[in-house]
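Biologist: I should like to examine the reasoning behind the terms applied to this structure. Please set each value against its definition.

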Amino acid sequence: MQINAEILFANDGQLTKNQLVKQFVNNQSGGHSSFVLEGKQVVVLKDKQWKSLDDIRNIAGEVSRDLSAQKVQTATISAEQLEQKWLSADEAVTAFVEGWHLGAYHFDRYQSKKANPITVLEIKDADQAAVKAGVVRAEAMKFSRDLMNELSDVLNPQTYPKVLKDYFKGTKVKVDVLGKKEIEERQMNGVLTVCRGSKYEPSFVEMTLQTDASKPLVALVGKGVTYDSGGISLKGGRDDSDMRMDMGGSAAVCGAMSLLAYSDAKVNVVALIPMVENTPGPEAVMPGEVIQYKNGISVQVGNTDAEGRLILADGLIRAEELGAEYTVDIATLTGAVVSALGTEVGGVFGDEELAFKMKKIGDQNGDFIWPLPLVDVYEESLDSAYADCNNISSMSEAGAITAGLFLRKFAPKKNWLHVDMAGVMDKQKTKGYYTKSATGYGARLLADYTTSLK
């Protein structure tokens, strides 16, 4: 038997006229309740004004997940109802659809018991362009989540490029893959150094999407460390399985390209992804070795677990070679940013005006971010007696800042931002439109930032 549900607000007339139902709804602790009323299943959303679009995404995600678990096939809500709770009907519809599809997300390909199919959502009298926008945004974020959740023996520097080629086949995104020989020819010595301990050869992926050549070229550089053991400077955590998510920056870049491609955005953008695995081995880089970069800077490897910045440096050099007018690098870079901002907000460094622009974008799209400073006086903590600089700081604090200062040495001289997403790469519990594990953070942030640039 097919089960259908109608989504109503608590102030709906067919609810308020029944005092018992009204009292039942008010006594529920969550943001919604589900029950049978006059022979049909209804989902009642509490009567409160939404303060942000993320409030809409969160309640939609909760309802979607609950109805899918109950094996409800379809659910309906009216665009008019959503408009009454938000200034813009289209924005409310897009946010609701986005949250709906993300809330029921599951990565269950390795589990014998599969999740129930997502409940089909119908929004009556909605602008279909607004509905499509919500679906596209959700799918881009789900793609990022899938990449981050995938096992490191499945998604590695050799297989990752093929995944991207398959995903973007049929779109306007052009995917070029550099193998080890070409990486050597390009003198991407950070990438070559970090990968030495792994059985997998490195890759460097360049994805271009040019739908409007008059737009400024935007370079999105994502850290693609498919597993980070720390190398010779081995990590010692109780459970390091989430270090397969150390390619979260690259997942954000890939999700952004998906969103831009499938929304037919008018952009001129290139994604640059260095892909390596950081493991110990007979050939692994040893602490104390020196890397000579293509731009002339030499770097002493003080700690092999500070590997992300070593490969991002090559990506930033490449962005400048391509003549990018705006550059953003994004990475699960430091534990220090988690100490500074916790697990709900990413950190952004670089051009102050652009950083605050990005913050406002994140406030709207749910990829929350906060500008942090690059303190010039801390740069001396990166000094090395053997090279131009060290890849780690001699300070015991301000690790996120000094990592940003390191990257600044390789970044284009103008319009550069660095995003540290280490604290927001995953969730430890299911809530709102997030499920436990990878978040897909950064896909919306980078895409919306790119489209905002004129």
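Biologist: What makes V328, V348, I369, L417, V419, L445 and Y449 contacts of M358?

Modeller: In this predicted model, a contact requires heavy atoms within 4.5 Å. Leaving aside neighbours within four places in sequence, M358 meets that criterion with V328, V348, I369, L417, V419, L445 and Y449.

Biologist: Which residues touch the most other members of the largest nonpolar core?

Modeller: They are L164, M207, M358 and Y449, in a core of 55 residues. Helix α10 (residues 248-262) gives the most to this core, with nine residues. A second, separate core has 46 residues, including M188, L310, V337 and L405.

Biologist: Why is strand β9 (residues 224-228) called largely enclosed?

Modeller: A residue is buried when its relative accessible area is under 20%. Five of the five residues of β9 are buried, so the strand is largely enclosed by the rest of the structure.

Biologist: How do you know that β9 and strand β10 (residues 268-278) pair?

Modeller: Pairing requires at least two bridges. Three bridges join β9 to β10, therefore the two strands pair, and they run parallel. In one of these bridges, D228 is the partner of N278 in β10.

Biologist: What makes 11 residues in the lining of the largest pocket count as charged?

Modeller: Asp, Glu, Lys and Arg count as charged. By that classification, the lining has 11 charged, nine polar and eight nonpolar residues. Among the 28 lining residues, N58, E344, K431, G432 and Y434 are the closest to the pocket centre. The volume of this pocket is about 660 Å³.

Methods: Residues are numbered from 1 along each chain as its sequence is written. This is a predicted model: local features need pLDDT of at least 70, side-chain atom pairs count only at pLDDT 80 or more; totals for chains, interfaces and linings use all residues. Side-chain values use heavy atoms; hydrogens and water are left out. Buried means under 20% relative accessible area, exposed over 50%, partly exposed in between (1.4 Å probe, protein chains only). Helices (H or I, at least four residues) and strands (E, at least two) are DSSP runs, numbered from the N terminus. A nonpolar core is a set of buried Ala, Val, Leu, Ile, Met, Phe, Trp, Tyr and Cys residues joined through side-chain atoms within 4.5 Å. On a 1 Å grid over the protein atoms alone, a cavity is a set of points where a 1.4 Å probe fits but cannot get out, and a pocket is an open set with protein on both sides within 12 Å along at least five of seven lines; lining residues have an atom within 4 Å of a point. Grid points are joined across faces, edges and corners, and a volume is the space filled by probe spheres set on the points.
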